[in-house]
Amino acid sequence: MYRALSLTFALRSMRLTVGSGVKIKSVSLFHRTGNAKAIQSVVTGRNLGSSICHDKSSVVDKTILSVGTRRTCLSTQLHTDAKKMDAVSRVKRVSIEGNIAVGKSTFAQLLQSANQDWEIAQEPVSKWQNVESASSQTEANPQQTVSNLLQMMYQDSHRWSYTFQTFSCMSRLRTQLQPPPTRLLSSEGTPVQVFERSVYSDRYIFALNMFELGYINSTEWAVYQDTHTFLLEQFDRRIQLEGVIYLRAPPKTCMDRLGKRGRAEEQGVQLEYLETLHTQHENWLVHKSTELHFEHLKQVPVLIVDASLEFEGNQEVQGRLLTQVQTFFDGL
Ligand SMILES: Nc1ncnc2c1ncn2[C@@H]1O[C@H](COP(=O)(O)OP(=O)(O)O)[C@@H](O)[C@H]1O
Ligand SMILES: Nc1nc2c(ncn2[C@H]2C[C@H](O)[C@@H](COP(=O)(O)O)O2)c(=O)[nH]1
């Protein structure tokens, strides 16, 4: 017979690494008075439910448990969570990079419709176009759009580039922290989360470019880099990528497609700006001459896709591209 006795436990942990790099925390739960002890394994890693410690800094220093039934529940829960963690760790994470209007969204749609094991996370452009008021939303007071930061950044780049970059970085971070959909967790193939751009292009393409063009000053650049490094180190494996797809096309092709798309905020974008962005992509993903600050990123495999090909409506080109992508994913 177990008595439902609430106990305060202190947690002691030891970190182990197993299999695919999943971190296992072997946890000892001690009753503060020392007469009850339960040893459980808690899996730590990326994007699990709330019952799991998410990262190195998550320390459960006070856990209220009831002895007996609750302990059995905890054990079952931990087993379920470990299985879930295993499924999550099977999901590969890849970003699509490339110049403005090169065709990332179009390519992403092709991937999404080609394979149920691939899930696309779009770039949060609409969030930048509709920055919302932080005041709490009610029926009487619906969420208010206060500004179009994308437009402000293009209209007054000196004033708004730093603000834009901090906001875009945070929104990309949120996107990359989204757990994979359950469909991917039960996949028997190669499940992949595909992100349109990433926290890495935020820094190594755009922020760097804005700094080099003089739209972000050296103080802002230092603050941005410090924050970026700190955040990425905190989230560690939860935001790391296993691969990058680089859609590569001449800036002139991008300029033509940008005109064809006709997004209002981009009407003042010049070919020279696309050329600077093209150079940043080439430096990072082809020449590998960009200084990177994350060890894993230096080793990330890059698939270079010739995005100058017109694949819309061309089944043969689409088929070739999809085979290239599938082979790349299988090799990650
Ligand atoms: N391979 C392609 N060939 C021709 N036009 C393309 C191709 N890919 C995209 N486009 C067109 O170019 C424009 C920009 O494409 P989009 O996917 O929105 O670019 P991005 O997401 O990179 O900004 C759209 O009008 C789209 O229809
Ligand atoms: N200054 C920055 N501009 C950015 C960044 N990310 C995207 N953008 C711009 C470029 C386009 O006008 C628009 C959407 O990009 P697409 O290539 O998807 O069309 O937003 C950024 O980090 N900094």
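A molecule sits in a pocket if more than half of its atoms lie within 2 Å of the grid points of that pocket. In the predicted model described here, ligand 1 meets this condition and sits in the largest pocket, and ligand 2 likewise sits in the largest pocket.

The surroundings of ligand 1 are considered at the outset. Around this ligand there are 15 residues, of which Lys104, Ser105, Thr106, Arg261 and Leu309 come nearest. Three of these nearest residues place a nitrogen or oxygen atom close to an oxygen atom of the ligand, and they do so with different parts of the residue, as the following values show. In the case of Lys104, a backbone N or O atom lies 2.7 Å from an oxygen atom of ligand 1. In the case of Thr106, by contrast, an N or O atom in the side chain is 2.5 Å from an oxygen atom of ligand 1, and for Arg261 a polar side-chain atom lies 2.6 Å from an oxygen atom of the ligand. When ligand 1 is taken alone, 560 Å² of its surface is exposed, and the protein buries 89% of that area. Two elements give two or more residues to the shell around ligand 1, namely helix 2, which spans residues 104-114, and helix 9, which spans residues 251-261. By residue class, the shell around ligand 1 consists of seven charged residues, together with four polar and four nonpolar ones.

The surroundings of ligand 2 can be described in the same order. Here there are 20 residues around the ligand, and those that come nearest are Lys104, Glu123, Tyr154, Gln165 and Glu266. Lys104 is thus listed among the nearest residues of ligand 1 and also among those of ligand 2. Towards ligand 1, this lysine presents a backbone N or O atom, whereas towards ligand 2 a polar side-chain atom of Lys104 lies 2.8 Å from an oxygen atom. Two further residues place polar side-chain atoms beside oxygen atoms of ligand 2, with a distance of 2.7 Å for Tyr154 and a distance of 2.5 Å for Glu266. Of the 490 Å² of accessible area that ligand 2 has on its own, the protein covers 99%. The elements that give two or more residues to the shell around ligand 2 are helix 3 (125-129), helix 4 (149-155), helix 5 (157-177) and helix 7 (199-212). Among these, helix 5 gives the most, with four residues. The shell around ligand 2 divides into ten nonpolar residues, eight charged residues and two polar residues.

Apart from the ligand shells, a pair of residues far apart in sequence was examined. Arg93 is found in strand 5, which covers residues 92-98, while Gln193 has its place in strand 9, which covers residues 192-196. Although 100 residues separate Arg93 and Gln193 in sequence, their C-alpha atoms are 4.9 Å apart in space. The side chains of the two residues are joined by a polar contact of 3.4 Å. Both residues fall below the 20% limit for burial: Arg93 counts as buried because its relative accessibility is 0%, and Gln193 counts as buried because its relative accessible area is 5%.

The backbone angles of two residues also call for comment. Most residues other than glycine have a negative phi. Arg197, in contrast, has a positive phi near 60 degrees, and this residue lies in the loop between strand 9 and helix 7. Asp236 likewise has a positive phi, of about 45 degrees, although it is not a glycine, and it is found in the loop between helix 8 (218-235) and strand 10 (243-248). With regard to accessibility, Arg197 is buried, since its relative accessible area is 6%, whereas Asp236 counts as partly exposed, since its relative accessibility is 22%.

A final residue to be described is Leu321, which has its place in helix 12, residues 315-330. Leu321 is buried, because its relative accessible area is 4%. Leu321 and Val305 are 16 residues apart in sequence, and the distance between their C-alpha atoms is 7.8 Å.

Notes:
Residues numbered from 1 in each chain as written. Chains lettered and ligands numbered in written order. Predicted model: local features only at pLDDT ≥ 70, side-chain atom pairs only at ≥ 80, totals over all residues. Heavy atoms only, no water. Near = heavy atom within 4 Å. Polar contact = N/O pair within 3.5 Å; in protein donor to acceptor, adjacent residues only side chain to side chain. Areas by Shrake-Rupley, 256 points an atom, 1.4 Å probe, with all protein chains shown as cover. 1 Å grid on protein atoms, 1.4 Å probe; cavity = no way out; pocket = protein on both sides within 12 Å on 5 of 7 lines; lining within 4 Å. Nonpolar A, V, L, I, M, F, W, Y, C, P; charged D, E, K, R; others polar. Buried < 20%, exposed > 50% of the residue type's maximum accessible area, 1.4 Å probe, protein only.
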